[in-house]
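Q: Please take a close look at a single part of this model, the surroundings of the ligand, and describe how that part connects to the rest.

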Amino acid sequence: MSFKTKDMRDSFRCALSGLGDAWRSERNMRIHTLAACIAVVAGLWLGLERLEWLFLFSAVFLVTTMEMLNTALERVVDLFTRDYHPLARLAKNAAAGAALLAAFYALTVALLIFVPKLMERFNFF
Ligand SMILES: Nc1ncnc2c1ncn2[C@@H]1O[C@H](COP(=O)(O)OP(=O)(O)OP(=O)(O)O)[C@@H](O)[C@H]1O
C-alpha cells in the first residue's frame, strides 16, 4: 500500500494537518502562537516600519518552524524507541537546543524593536 500524496492539494492538506496536530499536542506551539499574536498587535499599535515587520515575521516563522521540526524529531525518536537510550536523549536535546536558539533570536529581535518604540511612545527620552 502506498502512502504517497496524490497531488498538491493533498500535500497541502497533510501539511495543514501537521500544523494542527502540533498546535493541539505541543504546549510550546500554543505559547509561540500567542506570543506572535501579541507581537503583531503591539506592532500595529506602535506603527512598525517595513524592516521591523520583516525582522518580526522572520523571528515568528523561525521559532514556529523550529518548533515543528523539534516536534517531528521527538515523534521519530519515540517511534524508534520508548525505552531510555542515550542517543535518543542527545537527539531530543539537540532539537530542543535548536528551538531554544530560535527563541533567543526572537527575544533579541523583539527587544531591539519594541524597547526603543515603547520608550519613544512613553517619552522616556
Ligand atoms: N527515549 C529517551 N531516552 C532518553 N532520554 C529521553 C528519551 N525521551 C526523552 N528523553 C529526554 O527527555 C526530554 C524530554 O523529552 P520529551 O519527548 O518529553 O520532549 P518534550 O518534553 O515534549 O520536549 P519539548 O518541551 O521540547 O516539546 C528530552 O529532551 C530528553 O532529554
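**Around Glu74 and the ligand**

A: Setting aside residues up to four places away in sequence, Glu74 has contacts with Lys92 and Ala95. The model is a predicted one. Between Glu74 and Lys92 there are 6.1 Å from C-alpha to C-alpha, although the two are 18 residues apart in sequence. Glu74 sits in helix α3. Glu74 is partly exposed because 17 C-beta neighbours lie inside 10 Å, and a residue must have 20 or more to be called buried.

Both Glu74 and Lys92 belong to the residues around the ligand. The others in that shell are Glu26, Asn28, Asn70, Thr81, Tyr84, His85, Ala88, Arg89, Asn93 and Ala96. Two elements, α3 and α4, give two or more residues each to this shell. Helix α4 gives the most, with five residues. By character, the shell around the ligand divides into four charged, five polar and three nonpolar residues.

Ala95, the other contact of Glu74, also touches Leu69, Asn70 and Leu73, again leaving aside neighbours within four places in sequence. Of these, Asn70 is one of the residues around the ligand. Ala95 itself is part of the largest nonpolar core. That core has twelve residues, and besides Ala95 they are Ala39, Leu56, Ala59, Val60, Val63, Met66, Ala99, Ala102, Ala106, Val109 and Ile113. Helices α3 and α4, the latter spanning 86-121, each supply at least two residues of the core. Helix α4 gives the most here too, with six residues. In soluble globular proteins, nonpolar side chains tend to be buried together.

A further residue to consider is Glu67, which an unreviewed UniProt entry lists under "binding site". Glu67 is found in helix α3, which covers residues 50-80. Is Glu67 buried or exposed? Glu67 is buried, because 23 other C-beta atoms lie within 10 Å, and 20 or more are enough for that class.

Not counting residues up to four places away in sequence, Glu67 touches Glu26, Asn28, Met29, His32 and Ala99. Glu26 and Asn28 are among the residues around the ligand, while Ala99 is a member of the largest nonpolar core. The contacts of Glu67 thus include residues of the ligand shell and a residue of the core. For Glu74, the contacts are Lys92 and Ala95, with Lys92 in the ligand shell and Ala95 in the core.

Key: Residues are numbered from 1 along each chain as its sequence is written. This is a predicted model: local features need pLDDT of at least 70, side-chain atom pairs count only at pLDDT 80 or more; totals for chains, interfaces and linings use all residues. UniProt positions are given in the numbering used here, feature names are shortened, and annotations may be inferred rather than shown by experiment. Helices (H or I, at least four residues) and strands (E, at least two) are DSSP runs, numbered from the N terminus. Two residues are in contact if their C-beta atoms, placed from the backbone, lie within 7 Å. A nonpolar core is a set of buried Ala, Val, Leu, Ile, Met, Phe, Trp, Tyr and Cys residues joined through C-beta atoms within 7 Å. A residue is near a molecule or strand if its C-beta atom, placed from the backbone, lies within 6 Å of it. Ala, Val, Leu, Ile, Met, Phe, Trp, Tyr, Cys and Pro count as nonpolar, Asp, Glu, Lys and Arg as charged, and the others, Gly among them, as polar.
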